[in-house]
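I opened my notebook to write down what I could look up in this structure. I began with the strands and then went on to the aromatic rings.

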Amino acid sequence: DGITLALLAAAGVQSRTFVEIGSVQSGGNSAVLALDLGWSGLMVEAHRPHARKLRTLMGANPKVTVLCERVSSAGLNAMLKAQDLKGEIDFMSIDIDSIDYWLLDALKQVSPRVLVMEYNAHFGPRRAVTLPDAVILDGTATDPEGQPLTVTWTQKTGPGTVVFVEHCRVPQPALTSDTFLS
């Protein structure tokens with residue numbers, strides 16, 4: 001928190017607005033801004049139990065919106081626009097341990113004065129590793145009468161395994177662009 005506050009002091013605070021992608025249940029790097037300083041902002045967490053706890057915690061600040069959503073590079077800007085976030089904001093943190101680089105590369109809707117991008121220390125200090133951007137599949141379908149259908153996926157090719165994450169709206173697999181499903 002001290003480093004974040006020092007960076008903000010050096011950059012100058014204008015809007016008292018933040019975006020936190022990968023908030024976990026504590027509010028991540030923006031918790032002090034939301035809870036102690038009363039800033040406005042958006043916290044996004046894909047894991048439903050964490051998002052539930054985060055909503056309870058952030059209930060103390062009505063200027064904070066908590067979304068339970070899996071963020072993609074293709075949907076990032078639309079998500080920010082839907083929350084009426086645009087232009088310069090004071091602080092943004094991206095920490096989802098996967099497609100962080102691709103989110104930053106796609107970011108157009110906001111311009112953070114201070115940006116925190118965490119890295120995965122498991123790769124070690126000498127390796128620069130960028131995971132491929134993820135493909136997001138919508139696992140919902142309905143029959144002609146509008147009744148829900150069951151959708152199953154099978155990995156046919158590609159590296160590693162397909163990981164299905166618990167999503168807040170619809171379970172969706174996290175896949176690389178090198179993965180072929182049928």
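I looked up the sheet first and found that five strands form an open sheet in the order β3-β2-β1-β4-β5, with parallel pairing. For my own use I noted that strands are DSSP runs (E, at least two residues), numbered from the N terminus, and that two strands pair if DSSP finds at least two bridges between them. The edge strands, each pairing on one side only, are β3 (64-67) and β5 (110-117). Neighbouring strands of this sheet are turned by 15° against each other on average, direction ignored, where the axes are lines fitted to C-alpha atoms and angles run from 0 to 180 degrees between N-to-C directions.

I then followed one pairing and saw that β2 (residues 40-44) runs parallel to β3 and is joined to β3 by four bridges. Which residue of β3 is the bridge partner of L42? I found T65 there.

I added that this is a predicted model, in which local features need pLDDT of at least 70 and side-chain atom pairs count only at pLDDT 80 or more, while totals for chains, interfaces and linings use all residues. Residues are numbered from 1 along each chain as its sequence is written, and side-chain values use heavy atoms, with hydrogens and water left out.

Last, I looked up aromatic pairs (ring centres within 6.5 Å; planes under 30 degrees apart stacked, over 60 edge-to-face, the rest tilted) and found one in the structure. Y101 and W102 form this edge-to-face pair, at 4.8 Å centre to centre and 80° between the planes.

Terms used:
Rings of Phe, Tyr and Trp (its six-membered ring) pair if their centres lie within 6.5 Å; planes under 30 degrees apart count as stacked, over 60 as edge-to-face and the rest as tilted.
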